[in-house]
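Grab the viewer and work through these exercises on a few helices. Try each task before reading its solution.

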Amino acid sequence: MNKINPLELYSIETLVPVSSFLNGFAIYTLQDFTKQMEHLEEPHRHDFYSLIIVESGKGSHMIDFANYEIQRKRIFLITYGQVHSWLKLYDVKGYIINFTKSFYNLIYTGNSKIKSDLISLERKPYIDVDKETMADWLQLAELINKEYREEKKQCKELICIYLKAILLKYKRDYNFNFDLVTHKSDRKFMLIQKFNELVNIKFKQWKLPKQYAEELCITSNYLNIIVKKALGQSAGYIIRERIILEAKRLLQSTDLTVSEIGNELGFTDKSNFNKYFKTYVNITPESYRKGRDT
């Protein structure tokens, strides 16, 4: 089997030819970005977070093998390692804010609600907001942009504080339409948030809902009930989707063998991984890799 070429992994410094005086941070308008993004129409990965604020315009882009519409008053958050490509952009206006974990953690607040791992994107990689809320978003983005352009004393610290504010706002707006927030108890909401965080951390080691339930000190049945009601899918489905997503990323973006990928994902041998992948994707890992490479 021919090995595929790994996807391009971009840093903030190599994404587009814009010099930045801050390590681990850059902001630019969508209008400027569209003038220098031709090389980003191919699937690639980031080693940073990317917050895309679409004030107006339309188009589409791919995030982890799914196409998402770019439309007015929509805000995306792309995380480390996600496979991304720009497909179409028309008359877009807004901002792109790129930042690393290190930059986000430049100022430590000690507040558990402002955590270094930012936010768990368990449902979708974007939020839609109303006109008034978008005005608030643009005001924050413009404050960040102003500090970034003027390069005054303590601008780095102010940008970091504004960035924490904008990510807290994203998290609040992200959860606004989550029925669990308004119709269920805070404890159930926190359990599901913790479950999603655990899945992102432990999916290579833990493949069964009961392992997560034990960590959360609840039964597997109760975990499935609250996850199903909140997210529309069982706990087992959420775990499988995370495993399969990582498998697809590794198959497309690395030249690791299928056996090596299986080991990386915690499978005891290649046959177990092949069977697992084929059960949920309907083709073997080798066939998937060949299909993505053509």
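**Exercise 1.** In this predicted model, work out how the reach of helix 12 compares with the expected value, and which side its buried residues take.

*Solution.* Start with length: helix 12 has 12 residues and spans 16 Å from first C-alpha to last, close to the 16 Å expected at 1.5 Å a residue. Next, pick out what's buried, meaning under 20% relative accessible area: F273, N274, Y276, F277 and V281. These residues cover an arc of only 165° around the axis, so they sit on the same side of helix 12. Finally, step just past the helix, where N282 has a positive phi of about 75°.

**Exercise 2.** Find how helix 10 and helix 12 are oriented to each other, and which residues make the contact.

*Solution.* First, the axes of helix 10 (residues 235–253) and helix 12 (residues 270–281) come within 11 Å and cross at roughly 105°. Angles of 65 to 115 degrees count as roughly perpendicular, so that is what helix 10 is to helix 12. Now list the contact: helix 10 brings R240, I243, I244, A247, K248 and L251, while helix 12 brings F273, Y276, F277, Y280 and V281. Sort them by type and you get 9 nonpolar, no polar and 2 charged.

**Exercise 3.** Sort out which residues of helix 9 are buried and which exposed ones lie on the face turned away.

*Solution.* Buried in helix 9 (residues 220–231) are L223, I226, V227 and L231. Looking down the axis, those fall within an arc of 100°, so they line one face of the helix. The face turned away carries exposed N221 and K229. After helix 9 comes G232, with a positive phi near 80°.

How values were computed
Residues numbered from 1 in each chain as written. Predicted model: local features only at pLDDT ≥ 70, side-chain atom pairs only at ≥ 80, totals over all residues. Heavy atoms only, no water. Axes fitted to C-alpha atoms, helices over the stretch in contact; angles between N-to-C directions. Helix = DSSP H or I, 4+ residues; strand = E, 2+ residues; numbered from the N terminus. Parallel < 35°, antiparallel > 145°, perpendicular 65-115°, else oblique. Contact = heavy atoms within 4.5 Å. Nonpolar A, V, L, I, M, F, W, Y, C, P; charged D, E, K, R; others polar. Expected span 1.5 Å × (residues − 1). Buried < 20%, exposed > 50% of the residue type's maximum accessible area, 1.4 Å probe, protein only. Arc of directions from axis to C-beta.
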